[in-house]
Amino acid sequence: MTGANGRIAGAVAAFALADGHSVVAIDRTPPSAAPADGTRAVTLDMTDYDAVLAALKGCDALIHLAAIPVPFKQPDHKVHNNNVVGSYNAMRAAVECGIDRICQASSVNAIGLSFSRKAHFDYFPLDEAHPDHNEEAYGLSKQICERQADSLARRYETLSIASIRFHWVVSDRAEAGAVYNLPEEQAGRHLWGYALYGPAARACLLALDADFRGHEVFYIAAPDTTNDIPSLELARRWHPDVPIRGDLSGHRSFFDCSKAERLLGWRHDDAG
């Protein structure tokens, strides 16, 4: 698992160890505490292909979570190049090591969302078929990591690659609501979405066991919003020109996660 010092990775490792797996925990910085039993820590930079290849030898599956997680705090070229090279190196090294079960962290921002000047939505709720409108380095890097997975899956027919489009992953709904304490127009770009650590982590492990071949993209988000205003009212108020094609009754999420339920057996409310 790459990006092992991150918070989602910590939850993934806890589930994996509890399920009886061992974990090779890869990060560019050493862990802050001694690794748990069943864990081997490896310090490397994801741009070093040979180091990634050596670390993955003997592994049965890959969960790739390493990335610069947001734009703007670092130069665009650094965000883009780090994430794009890192995802390719991780997946290509996995193939070279004979690993055919891969899960990688993508993002809702692969289509353009939180970091856009003004988000562009074609319909609600969003599903995996929604067109790409990203306009910044982070979202572009996540769209490219998905295209990398498409290419590798075409080349190597035994591969199963899941790209997980996480939304804001937090400890609880209240934390997500606090993060979105923004001017409403700005908050509306995020579509008031979130996911909890446990369900997000479990989605990664379910993806490794799922019965599909090729590359599939999945939205992973909670079934409700962080806002106490009903979803239909939020849509009318902040996105009045966006067609509604599905159920936004009550406080339902603007993200359709039914594909994850269908192919992974994942539900946010019972997965963590």
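In this predicted model, helices α2 (residues 49–56) and α3 (residues 76–96) bring their axes within 9 Å and cross at roughly 50°. That angle makes α2 oblique to α3. As for handedness, the α2 and α3 crossing is right-handed. On the α2 side, the contact is made by Y49, V52, L53 and L56. On the α3 side, N89, A90, R92, A93, A94 and E96 make the contact.

Next comes the β1–β2 pair. Strand β1 covers residues 23–27, and five of its five residues are buried, so β1 can be called mostly covered, buried here being under 20% relative accessible area. Its side chains split by direction: V23, A25 and D27 point one way, while V24 and I26 point the other way. Both sets are buried, and that includes the aspartate, D27. β1 runs alongside strand β2 (residues 39–43), with the two pairing in the parallel sense over five bridges. Within this pairing, I26 stands opposite V42 of β2.

On to the charged pairs. A search of the whole structure turns up 10 salt bridges. One of them joins R202 to D19, with the closest N and O atoms 2.8 Å apart. R202 sits in helix α7 (residues 197–209) and D19 in the loop between α1 (7–18) and β1, so this pair ties together parts of the chain that are 183 residues apart in sequence. As for how open the site is, D19 has 43% relative accessibility and therefore counts as partly exposed.

R117 and E135 also meet through their side chains in a salt bridge, at 3.0 Å from N to O. Both residues belong to the loop between β4 (101–107) and α4 (137–155), where they are 18 residues apart. The two partners can be told apart by their exposure: R117 counts as exposed because its relative accessibility is 73%, whereas E135, with a relative accessible area of 38%, is partly exposed.

A further salt bridge brings together the side chains of R173 and D228, with an N to O distance of 3.7 Å. This pair links distant parts of the chain, 55 residues apart: R173 is in helix α5 (residues 173–179), and D228 is in the loop between β8 (214–220) and α8 (231–238). R173 comes out as partly exposed, at 31% relative accessibility. D228, by contrast, has a relative accessible area of 62% and is exposed. The story does not stop at two residues, since salt bridges with shared partners join R173, D224 and D228 into one network.

Finally, back to helix α7, which is home to A200 as well. What does the surface calculation say about A200, buried or exposed? With a relative accessible area of 0%, A200 is buried. Once neighbours within four places in sequence are set aside, A200 is in contact with F166, V169 and I220. P131 offers a reference point elsewhere in the model: its C-alpha atom is separated by 24 Å from that of A200, and the two residues are 69 residues apart along the chain.

Taken together, α7 contributes the buried A200 and also R202, the residue that ties this helix to the loop between α1 and β1 through D19. The strand that follows that loop, β1, is itself mostly covered and pairs in the parallel sense with β2.

Definitions and conventions:
Residues are numbered from 1 along each chain as its sequence is written. This is a predicted model: local features need pLDDT of at least 70, side-chain atom pairs count only at pLDDT 80 or more; totals for chains, interfaces and linings use all residues. Side-chain values use heavy atoms; hydrogens and water are left out. Buried means under 20% relative accessible area, exposed over 50%, partly exposed in between (1.4 Å probe, protein chains only). Helices (H or I, at least four residues) and strands (E, at least two) are DSSP runs, numbered from the N terminus. Two strands pair if DSSP finds at least two bridges between them. A salt bridge is a side-chain nitrogen of Lys or Arg within 4 Å of a carboxyl oxygen of Asp or Glu. Axes are lines fitted to C-alpha atoms, for helices over the stretch in contact, and angles run from 0 to 180 degrees between N-to-C directions. Angles under 35 degrees count as roughly parallel, over 145 as roughly antiparallel, 65 to 115 as roughly perpendicular and the rest as oblique. A crossing is left-handed if the near helix is turned anticlockwise from the far one by less than a right angle, and right-handed if clockwise. Contact means heavy atoms within 4.5 Å.
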